[in-house]
Amino acid sequence: NELTLHSLKLACEHLRAGGAFVTKVFRSADYNSLLWVFQQLFSKVDATKPTASRNVSAEIFVMCLGFKAGKIDPRFFDPKWVFMETLDPLATAETNQAAKPMTSLNEYLKSQKKRHRGGY
C-alpha cells in the first residue's frame, strides 16, 4: 500500500483537473486509510473486485475519477502519516487518556472541527 501511495503522488503531479487514476490495492489494515486519501483527492472513488480474481486473493482495483486539482496537503503522500497507528510509541496504557496525543488517523479526523452550515 505504500507503493500505491507513492504512485498516487506521481500521478497527482501529472494529472489535470478531472483526471483519472486506477490502481490495484491489497486489502489490509491500511486499506481504509488509503481509500480516505483517494476520496480527498478525487470526486468519485470506486473499489471493485473483478470476477476473474480468485476469492482468496486480497487484491481490489480502485478507480478514482474526477481529480480535484489545486493545493494538496503533502501529508496525503506521507506513509507515516496516512498509515500511522501510533504517533507516540512511548505512550503506554498507564498514561492519562486526556494527556495522550491522538494515536490514529481516525482520532485525528474526529478531532477536526465540523463546519456549521445552517445558513442565515
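Here are some notes on this predicted model, point by point.

1. **Overall layout.** The protein has four helices and three strands. Read from the N terminus, its elements follow the order α-β-α-β-β-α-α. Of the 120 residues in the protein, 31% are buried.

2. **Strand β3 and its partners.** A good place to start looking is β3, which spans residues 59–67. It pairs with β1 (residues 20–26) in the antiparallel sense, over seven bridges. β2 and β3 also run antiparallel, and six bridges join them. Phe-61 in β3 makes this easy to see on screen: it is the bridge partner of Lys-24 and also the bridge partner of Thr-48.

3. **The two faces of β1.** The side chains alternate along this strand. Phe-21, Thr-23 and Val-25 point to one face and are buried, whereas Ala-20, Val-22, Lys-24 and Phe-26 point to the other and are not. Within the buried set, Thr-23 stands opposite Val-62 of β3. Two residues of the other set, Lys-24 and Val-22, come back in the next two points.

4. **A salt bridge between β1 and β3.** The count for the model is one salt bridge. It joins Lys-24 to Glu-59, with the closest N and O atoms 3.0 Å apart. Lys-24 belongs to β1 and Glu-59 to β3, so the contact ties together parts that are 35 residues apart in sequence. The two ends differ in exposure: Lys-24 is partly exposed, because its relative accessibility of 36% falls between the 20% and 50% limits, while Glu-59, at 15%, is buried.

5. **A nonpolar surface patch.** Val-22, Met-63 and Leu-65 together form a nonpolar patch on the surface, with about 240 Å² of accessible area. Val-22 is on the face of β1 whose residues are not buried. Met-63 is found in β3 and counts as partly exposed, with a relative accessibility of 35%.

6. **Aromatic pairs.** What links Phe-21, Phe-38, Phe-42 and Phe-67 into a cluster? Ring pairs do, and the count of aromatic pairs in the model is three. Take Phe-42 and Phe-67 as one example: their ring centres are 5.4 Å apart and their planes meet at 55°, so this pair is tilted. Phe-42 lies in β2 (residues 42–48) and Phe-67 in β3, so the pair ties together parts that are 25 residues apart in sequence. Both of these phenylalanines are buried. As for the other cluster members, Phe-21 is on the buried face of β1, and Phe-38 is a buried residue of α2.

7. **Helix α2.** Is this helix mostly enclosed or open to the outside? Eight of its 11 residues (31–41) are buried, so α2 is largely enclosed by the rest of the structure. The buried residues are Tyr-31, Ser-33, Leu-34, Leu-35, Trp-36, Val-37, Phe-38 and Leu-41. It may help to colour these when you look at the helix from different sides.

8. **A long-range approach to α2.** Arg-75 has its place in the loop between β3 and α3 (79–82). Its C-alpha is 9.7 Å from that of Val-37, although the two residues are 38 apart in sequence. Arg-75 is partly exposed, with 31% relative accessibility, whereas Val-37 is among the buried residues of α2.

9. **Cysteines.** How many disulfides does the model contain? The count is zero. Cys-12 is in no disulfide, the nearest cysteine sulfur being that of Cys-64, 8.8 Å away. Cys-64 is likewise in no disulfide, and its nearest cysteine sulfur is that of Cys-12. Why is there no bond to count between them? A disulfide calls for sulfur atoms within 2.5 Å, and these two are 8.8 Å apart. Both cysteines are buried: Cys-12 has a relative accessible area of 10%, and Cys-64 has 0% relative accessibility.

10. **Putting β3 together.** To close, it is worth tracing β3 once more. This strand pairs with β1 and with β2. It contributes Glu-59 to the salt bridge with Lys-24, Met-63 to the nonpolar patch, and Phe-67 to the aromatic cluster.

Methods
Residues numbered from 1 in each chain as written. Predicted model: local features only at pLDDT ≥ 70, side-chain atom pairs only at ≥ 80, totals over all residues. Heavy atoms only, no water. Phe/Tyr/Trp six-rings, centres within 6.5 Å; stacked < 30°, edge-to-face > 60°. Buried < 20%, exposed > 50% of the residue type's maximum accessible area, 1.4 Å probe, protein only. Patch = residues over 30% accessible without salt bridge, like charges linked within 9 Å, V, L, I, M, F, W, Y side chains within 5 Å. Areas by Shrake-Rupley, 256 points an atom, 1.4 Å probe, with all protein chains shown as cover. Salt bridge = Lys/Arg side-chain N within 4 Å of Asp/Glu carboxyl O. Pairing = 2+ DSSP bridges.
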